[in-house]
Amino acid sequence: MAENILVCTAWPYANGNLHIGHLAGAYLPPDIFARFHRLKGNNVLMVSGSDSHGTPITLRADAEGVSPLEIFERFHGQFLETYQQIGITYDLFTHTDTENHYQVSQDIFSACLENGFLYKHTEEQFYSETEQRFLPDRYIEGTCPVCGYESARGDQCDNCKSLLNPTELINPRSKNDGSVPVLRATEHFYLDLGKLSDDILAYLSQDKDYWRSNVINFSLQYVKDGLRGRAITRDIGWGIPLPLEGYDSKRLYVWFEAVIGYFSASIEWAANHGEPEKWKEWWYRPEAKTYYFIGKDNIPFHAVIWPAELIATGRHLYEDDTSKFLNLPYDVPANEYLNMEGEKLSTSRNWAIWAPDLLERYDPDAVRFYLTAIAPETRDTDFTFDDFIRRNNDELVAAWGNLVNRVLGFAYKRFDGQVPPIGPDGLDDLDRQMLSEVEAGFDTIGDLLAAVKLRAALDEAMRLARSTNGYLNEKAPWKAIKDDPARAGTSIYVTLRVIDNLKILFSPFLPHTSQRLHAYLGYEGQLFGRQYVEDFVETNRRHSALCYDNSQAIGRWQPSDLQPGQALRQPEPLFKKLEPELAEQEVARLLGK
RNA sequence: GCUGAUGUAGCUCAGCCGGUUAGAGCGCGAAACUCAUAAUUUCGAGGUCGGUGGUUCGAGCCCACCCAUCAGCACCA
């Protein structure tokens with residue numbers, strides 16, 4: 001009955017803080033999705049981790065004169081902090097510098113090799129004799145062959161924007177010390193994507209109607225344009241060694257190894273919980289559904305290359321029964337980009353709102369609400385502080401927050417702090433209609449959430465809140481209480497029960513305030529589970545990871561059964577109004593720094 | 001440059017396989033109400049659906065070209 005849902009999210013590069021684009025595009029949506037499925041009683045496993053090996057990390061490490069390890073540990077720790085603040089409930093958020101991940105990645109490499117999907121190829125690359133290492137393209141400078149600009153990078157000329165090969169540069173030199181690099185032959189392993197092309201095309205052509213059109217179209221086009229082998233090793237020191245003799249100076253290239261993290265993190269999670277085979281419920285049961293939440297820049301890696309890697313491993317790794325196959329991605333609900341104040345986010349230009357910064361000044365649910373309302377599900381969208389404050393005040397506070405506040409306040413003051421009973425006349429048509437309308441939300445909103453249409457789901461919940469405000473105005477219990485208190489009590493009972501339903505319907509989006517409402521309504525217990533950071537010790541390494549314990553969670557995706565007489569708690573407003581002047585201050589802060 | 005996407009009311013966006021007077025939220029105007037964080041509810045005004053041309057009995061939705069914005073084509077994943 002219960003479904004197995006694997007929720008994967010992009011592995012953030014641990015080379016800088018998270019910004020709102022990361023949250024809106026890749027981290028908040030899966031959390032909403034995961035919370036919903038947990039409320040439904042499904043078996044959710046949500047995993048990800050910090051990508052500790054990418055080029056940007058070594059770049060930053062070189063720039064700061066520290067080790068890559070130091071860089072990624074700093075930001076990994078920051079990620080754990082941010083995810084706890086905003087409430088991204090990973091069952092495991094680990095990183096890629098663990099013994100477990102090394103082992104799994106090497107095993108997949110070996111399996112691909114044994115199955116004949118890797119080949120070796122030698123090419124010439126620039127080598128620095130002074131530094132005794134091969135240089136990445138962007139470490140090489142020279143004169144642009146197109147426009148004559150003297151400081152063109154090896155991959156692109158910043159002056160004329162031409163895309164270049166470093167060997168095309170006139171007078172190439174190392175960016176680090178100005179020395180002249182020499183061409184030297186180097187041998188690398190390639191993943192034979194051409195050989196896998198037919199299988200990938202078959203996978204992408206089968207039952208993908210429910211995929212977002214931009215994702216499936218892009219992926220199909222990507223494959224149809226022709227797949228060529230991609231190098232999966234590099235001449236660097238920071239990364240995962242090859243499981244072969246004689247390749248000590250080479251590492252697995254990060255794009256090959258990072259996506260394996262979904263798989264290795266699932267295995268780590270199972271081991272951490274003392275059930276080392278448990279991960280197979282998501283990876284080997286054909287009916288399990290695996291979702292990958294990513295930004296659009298990552299589509300080829302998740303819809304094409306990761307399936308290719310899984311197919312190339314033979315698809316029955318760590319499993320004796322060779323009739324079983326590792327599940328290929330069920331859905332890749334990639335998001336477009338979130339821009340800010342009309343301009344694309346840019347880390348290098350410091351044009352971004354950093355998550356830790358934002359969460360320092362605003363409540364997590366206000367941020368969650370706005371980022372969901374403008375989630376770039378089908379196209380690029382724009383974050384503005386003006387709009388953030390407006391939607392917070394005119395939508396979240398005005399419609400939902402105010403509804404809760406007016407009815408809880410009225411009930412608390414006028415009905416002795418208790419849920420009033422249904423009057424002797426019972427429920428009338430309007431009462432029943434109101435209740436059935438909101439109860440139907442479990443289906444309509446549930447269907448939208450299951451289809452990863454989060455914005456539409458939130459809109460529908462807001463519509464129900466507005467409808468409830470209309471019901472309350474129609475019933476006007478503040479009038480009725482003067483001449484027919486029992487009827488006023490009935491209306492308040494109905495409204496309390498409606499917001500008890502809305503509490504659950506909103507909870508995947510607004511978990512913190514739903515929890516508070518839960519308490520105001522007089523309930524005990526936690527709707528959701530507990531987040532915590534734990535240190536894990538392997539044979540020679542240790543790492544800290546974010547974990548989640550859902551065992552005490554009592555939230556259920558089902559209609560309220562609120563009982564008359566239940567004692568309420570003194571309510572407080574769920575949300576704060578924000579001063580419109582804040583928008584100018586925030587923009588000034590952005591421009592000033 | 002090549003490939004792909006997007007351009008719908010003041011703002012942010014929905015519009016499934018082409019079919020009667022193009023929708024929502026917010027904003028704006030009017031009214032009702034006063035329990036509530038001057039919040040709520042109802043009603044209303046607002047758009048030649050980027051431009052030009054075409055296919056069709058009929059196009060926001062199909063085709064061609066143009067304009068604008070964006071993305072991919074990188075040793076960035």
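The automatic or database domain assignment splits chain A into domain 1 (4-116 + 190-335) and domain 2 (385-524 + 563-582). This is a predicted model, where local features need pLDDT of at least 70 and side-chain atom pairs count only at pLDDT 80 or more, while totals for chains, interfaces and linings use all residues. As for bookkeeping, residues are numbered from 1 along each chain as its sequence is written, chains are lettered from A and ligands numbered from 1 in the order in which they are written, and side-chain values use heavy atoms, with hydrogens and water left out.

Measured in C-alpha centres, domain 1 and domain 2 sit 40 Å apart. Their contact (heavy atoms within 4.5 Å) draws on 15 residues from domain 1 and 11 residues from domain 2. Interface size is often quoted as the accessible area lost when the parts come together. Here, domain 1 and domain 2 bury about 1,000 Å² between them, with 74% of that on carbon and sulfur atoms; buried area is what the two parts lose on being put together, summed over both, with a 1.4 Å probe. Polar links across this interface come next. The count of salt bridges (a side-chain nitrogen of Lys or Arg within 4 Å of a carboxyl oxygen of Asp or Glu) between domain 1 and domain 2 is 0. Polar contact there amounts to 1 residue pair, both at pLDDT 80 or more; the term stands for a pair of N or O atoms within 3.5 Å, where within protein one must be able to donate a hydrogen and the other to accept it, and residues adjacent in sequence count only if both atoms are side-chain atoms. On the side of domain 1 that touches domain 2, the elements giving two or more residues are α1 (20-39), α3 (68-86) and β13 (289-293), and α1 gives the most, with 7 residues. Helices (H or I, at least four residues) and strands (E, at least two) are DSSP runs, numbered from the N terminus. By type, that side of domain 1 has 9 nonpolar, 3 polar and 3 charged residues. Nonpolar here covers Ala, Val, Leu, Ile, Met, Phe, Trp, Tyr, Cys and Pro, charged covers Asp, Glu, Lys and Arg, and the others, Gly among them, are polar.

The structure as a whole holds 30 salt bridges. In one of them, the side chains of Arg38 and Asp91 meet at 3.1 Å, N to O. Arg38 belongs to helix α1 and Asp91 to the loop between α3 and β3 (92-95), so this pair ties together parts 53 residues apart in sequence. Arg38 and Asp91 are both buried (under 20% relative accessible area, against over 50% for exposed and in between for partly exposed, with a 1.4 Å probe and protein chains only).

Arg133 turns up in two salt bridges: with Asp62 at 3.9 Å, N to O, and with Glu131 at 3.2 Å, N to O. The link to Asp62 joins distant parts of the chain, as Arg133 is in strand β5 (residues 133-134) and Asp62 in helix α2 (residues 55-64), 71 residues apart. Arg133 counts as partly exposed at 30% relative accessibility. Asp62 is partly exposed too, at 43%, and so is Glu131, at 26%. Elsewhere, salt bridges that share partners join Asp357, Arg361, Glu586 and Arg589 into one network.

Backbone angles round things off. Asn171, in strand β8 (residues 170-174), has a phi near 55 degrees, a positive value in a residue other than glycine. With 55% relative accessibility, Asn171 counts as exposed. Tyr318, also not a glycine, has a positive phi of about 60 degrees. Tyr318 is placed in the loop between α10 (299-312) and β14 (338-340) and is partly exposed, with a relative accessible area of 31%.
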